[in-house]
Amino acid sequence: MTQADPAVVRREIVVNAPIDKAFSVFTDRFGDFKPAEHNLLRVPIAETVFEPTVGGHIYDRGTDGTVCRWARILAYDPPHRVVFSWDIGPTWQVESDPEHISEVEVIFTAETPDRTRLALEHRHLDRHGPGWESVRDGVGHDQGWLLYLGRYAGLFGADD
């Protein structure tokens with residue numbers, strides 16, 4: 001019997017879409033499913049941008065033009081895989097020390113030509129240091145990755 005790693009959160013979802021579309025909706029429309037209330041800026045979010053290249057960022061742009069870069073793209077392998085850092089620490093502020101960040105890997109697997117499984121693994125949560133459990137509990141909660149993935153699935157309408 002193996003014990004689950006307490007520093008990892010895993011979530012899966014299946015969408016009725018070809019793998020290419022499932023991947024592009026995740027990266028091109030990240031801001032359409034990221035909850036606007038998940039905001040580290042002092043003003044409302046005007047847009048969330050996912051830069052589709054290794055070394056790019058995921059960032060929020062505020063209505064006043066301010067920018068909050070809260071993730072870096074570590075791997076970008078369309079349409080199968082994307083990995084990004086999670087640069088948000090236990091105090092829910094941006095963490096600038098790369099030794100104190102976790103990472104999120106998202107794998108896309110075609111189950112059929114029109115059905116894709118997305119497997120998300122948020123790992124190395126203990127790297128956030130003291131209080132890391134609050135990050136795990138936040139992203140593992142129903143208002144964390146489950147909310148993101150539920151909204152992501154909602155972007156695939158009956159016509160898709």
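## A buried serine in strand S5

Ser85 has a relative accessible area of 0% and is therefore buried, in a model that is predicted. This serine belongs to strand S5, and its side chain takes part in polar contacts on two sides. A polar atom of that side chain lies 2.7 Å from the backbone nitrogen of Arg72, while the side chain of Asp87 is reached by a polar contact of 2.8 Å.

When neighbours within four places in sequence are left aside, the residues in contact with Ser85 are Trp70, Ala71, Arg72, Leu74, Ile101, Ser102 and Glu103. Of these, Arg72 is also the residue whose backbone nitrogen lies 2.7 Å from a polar atom of the Ser85 side chain.

## Overall architecture

The protein is built from four helices and seven strands, which follow one another along the sequence in the pattern β-α-α-β-β-β-β-β-β-α-α. Its radius of gyration is 15 Å, close to the 15 Å given by the globule rule for 160 residues, so the protein is as compact as a globular protein of that length. Taken along the principal axes, the C-alpha atoms fill a box of roughly 50 × 45 × 30 Å.

Of the 160 residues, 44% count as buried. Among contacts with a separation of 6 or more, 52% are made by residues that stand 24 or more positions apart.

## The nonpolar core

In soluble globular proteins, nonpolar side chains tend to be buried together. Here the largest nonpolar core has 40 residues, and those with the most contacts inside it are Phe26, Phe84, Phe108 and Tyr152. Not counting residues up to four places away in sequence, Tyr152 touches Ile13, Val15, Ala22, Phe23, Val25, Phe26, Phe33, Phe108 and Leu118, a list that includes Phe26 and Phe108 from the group with the most contacts inside the core.

## Aromatic pairs and a charge over a ring

The structure holds 18 aromatic pairs. In one of them, the rings of Phe26 and Phe30 have centres 5.6 Å apart and planes at 80°, so this pair is edge-to-face; both Phe26 and Phe30 are buried. Phe30 also pairs with Phe84, again in an edge-to-face arrangement, with 6.3 Å from centre to centre and 85° between the planes. This second pair links distant parts of the chain, since Phe30 is in helix H2 (residues 30-33) and Phe84 is in strand S5 (residues 81-86), 54 residues apart. Both Phe30 and Phe84 are buried.

An aromatic ring is also involved in an arrangement of another kind, in which the charged end of Arg69 sits over the ring of Tyr59, 5.4 Å from its centre.

## Backbone features in the loops

The peptide bond from Pro78 to Pro79 is cis, with omega near 0°, and Pro79 is found in the loop between strand S4 (67-77) and S5.

Two residues that are not glycine have a positive phi. Trp92, with a phi of about 60°, is placed in the loop between S5 and strand S6 (102-112), and its relative accessibility of 34% means that it counts as partly exposed. His124 has a phi near 60° and is found in the loop between strand S7 (115-123) and helix H3 (132-140); with a relative accessible area of 28%, His124 is likewise partly exposed.

How values were computed:
Residues numbered from 1 in each chain as written. Predicted model: local features only at pLDDT ≥ 70, side-chain atom pairs only at ≥ 80, totals over all residues. Heavy atoms only, no water. Core = buried A, V, L, I, M, F, W, Y, C linked by side-chain atoms within 4.5 Å. Buried < 20%, exposed > 50% of the residue type's maximum accessible area, 1.4 Å probe, protein only. Contact = heavy atoms within 4.5 Å. Phe/Tyr/Trp six-rings, centres within 6.5 Å; stacked < 30°, edge-to-face > 60°. Lys NZ or Arg CZ within 6 Å of the ring centre and 35° of its normal. Polar contact = N/O pair within 3.5 Å; in protein donor to acceptor, adjacent residues only side chain to side chain. Rg over C-alpha atoms; globule rule 2.2 N^0.38 Å.
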